[in-house]
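Visitor: I'd like to go through this model and hear the reasoning behind each label you put on it. Can we take it step by step?

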Amino acid sequence: MIFCLLLLMGLLLRCYYIDWNKELTGDEVGYNKMVLQLLHEGIYGYAPYAYSEQPNAFTTPGYPLFLAGCYLVFGYANDQPPIIQIQALQLFIQLLCALLMYRIANRLFGHNGISLFVMGCILLHPTFILSPLFLLTETLYGFFFLLFVYFLVIAMQKGRLREYFWLGILFGICILIRPTIVPFILILIAGIAVKHRRGGIAHVLRPVFLLGAGFLLMLLPWWVRNMISLNKMVWLAEQSGNPLLWGSFPFTRRPAVDPTQDPAEMGKMAYQRIIDGFRSDFFTYLSWYTWGKMMYFIQNIFPRLGFITENLVIRMIIRTIHVAMALAGFAGLLKMLVHERRNGSYLLLALLAFCSVVLYLPFSPTPRYFYPTLPLCFLGMGYLILCIQRRRRQL
């Protein structure tokens, strides 16, 4: 009964707060033009606020291909995107994310009450209520990211070979939508090797091979396309210079940066700014690239609380609860890292959460980057509750 009520509340809140058929803004404009160019001319290329006119690898193809599929299925009369249909589809995907959170928590903790709590967090949090509103990567990436986490937990618990193949496929899909966490695959391989080390080298190589095969199966078409269309090897995307430059201005959220510049030149400018900054003002840049930017990620709720309410007191209360939950979640994840080193599911989950934050620190200080880490913080809170219950039983 609680399960159904939570789902119903989540559905009604999203239907109420979503601005159906909203005007496109920011990156949504670029995605729309990109998809129209792909459908009309067969050219895959992205340019901020404009048509690229030439093929490029500015962004990975996961979300643009999802949008292109929606345009074809739902139609796009007069080159207008089917915004309402895409928002409705993303709303449904968001509810699936809540179901995945319930399943993940149940597998990790074996406790229905904690699983419902974690599920309720994602259904009632403003970030997840509002994210289906936007034609951005968050909702689609969040779904495949949680599906990856689910198979990660299953693989660590059961150790069957087929789970590792699906794990590689899901990780590849995540990278094709948002490529930043690709270094985590090295930690994943190390975790698999530790889990299967007692069976000898053959028992280690089989799951690693299947993981790599699934991953390559997803990435290979993108690499082949880049070689054919661009005559060069682009492993992930060429846009990293843009957010890297935006993130090189200490304690500044909206620096004066021209987004239409060449990403490669922006990357060179960013590296030079970072090197000069550490040389001339070391402690300012050190604080910015550690706790400073992390607090920007956490404190500024994506997208904005103004979509929920204009009442400053209510917004302050929501933000305070959000920050407290995030910090409590990190405390739970840190406790996992320290006290659950022999539990592969807990250990890799905690490492994934910290990697998801650390790997975004060099880039622009936007709260969108904290989106996939927040569900992991909810799981960290669930672990803290489990530890409290265990302690009470012992006492």
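Visitor: What makes the contact between the side chains of Arg368 and Glu138 a salt bridge?
Guide: Keep in mind that this is a predicted model. The N to O distance for Arg368 and Glu138 is 3.0 Å, and the cut-off is 4 Å between a side-chain nitrogen of Lys or Arg and a carboxyl oxygen of Asp or Glu, so the label fits. The pair links distant parts of the chain: Arg368 sits in the loop between helix H15 (344-358) and helix H16 (373-394), and Glu138 in helix H7, 230 residues apart. Both Arg368 and Glu138 are buried.

Visitor: Which other salt bridge does Glu138 form, and with what N and O distance?
Guide: Glu138 also pairs with Arg178, where the closest N and O atoms are 2.9 Å apart. Glu138 is in helix H7 and Arg178 in the loop between helix H8 (161-177) and helix H9 (184-195), so this pair ties together parts that are 40 residues apart in sequence. Arg178 is buried, as is Glu138.

Visitor: How many salt bridges does the rule give?
Guide: The count comes to nine. Another of them joins Glu163 and Arg160, with the closest N and O atoms 2.6 Å apart.

Visitor: Why is Glu163 called buried?
Guide: Its relative accessibility is 5%, and buried means under 20%, so Glu163 qualifies.

Visitor: And Arg160, what is it called, and why?
Guide: Arg160 has a relative accessible area of 32%. That value falls between the 20% and 50% limits, so Arg160 is partly exposed.

Visitor: Which residues do salt bridges with shared partners join into one network?
Guide: Asp27, Glu138, Arg178 and Arg368.

Visitor: Let's turn to helix H7 again. How do you know whether Gly142 is buried or exposed?
Guide: Gly142 lies in helix H7 (residues 138-158). The relative accessible area of Gly142 is 6%, under the 20% limit, so Gly142 counts as buried. Setting aside neighbours within four places in sequence, Gly142 is in contact with Cys97 and Tyr371.

Visitor: What makes Ala77 exposed?
Guide: Ala77 has a relative accessible area of 59%, and exposed means over 50%, so the word applies. You'll find Ala77 in the loop between helix H3 (62-74) and helix H4 (83-109).

Visitor: What about Leu220: how is it classed, and why?
Guide: With a relative accessible area of 46%, Leu220 is under the 50% needed for exposed and over the 20% limit for buried, so it is partly exposed. Leu220 is in helix H10 (residues 201-230). Leu220 also belongs to a nonpolar surface patch with Val224, Met227, Ile228, Met233 and Trp235, and together they have about 610 Å² of accessible area.

Visitor: How do you know that the span of helix H1 is close to what's expected?
Guide: Helix H1 (residues 2-17) has 16 residues, and reaches 22 Å from its first C-alpha to its last. At 1.5 Å a residue, the expected value is 22 Å, so the span is close to it.

Visitor: What puts the buried residues of H1 on the same side?
Guide: The buried residues are Leu6, Gly10 and Arg14. They cover an arc of only 65° around the axis, so they're on the same side of H1. An α-helix has 3.6 residues a turn, so residues three or four places apart point the same way. What covers the buried residues of H1 includes H4, helix H5 (112-124) and helix H6 (126-130).

Visitor: Which exposed residues are on the face of H1 turned away from its buried side?
Guide: Cys4, Leu12 and Tyr16.

How values were computed
Residues numbered from 1 in each chain as written. Predicted model: local features only at pLDDT ≥ 70, side-chain atom pairs only at ≥ 80, totals over all residues. Heavy atoms only, no water. Helix = DSSP H or I, 4+ residues; strand = E, 2+ residues; numbered from the N terminus. Buried < 20%, exposed > 50% of the residue type's maximum accessible area, 1.4 Å probe, protein only. Patch = residues over 30% accessible without salt bridge, like charges linked within 9 Å, V, L, I, M, F, W, Y side chains within 5 Å. Areas by Shrake-Rupley, 256 points an atom, 1.4 Å probe, with all protein chains shown as cover. Arc of directions from axis to C-beta. Contact = heavy atoms within 4.5 Å.
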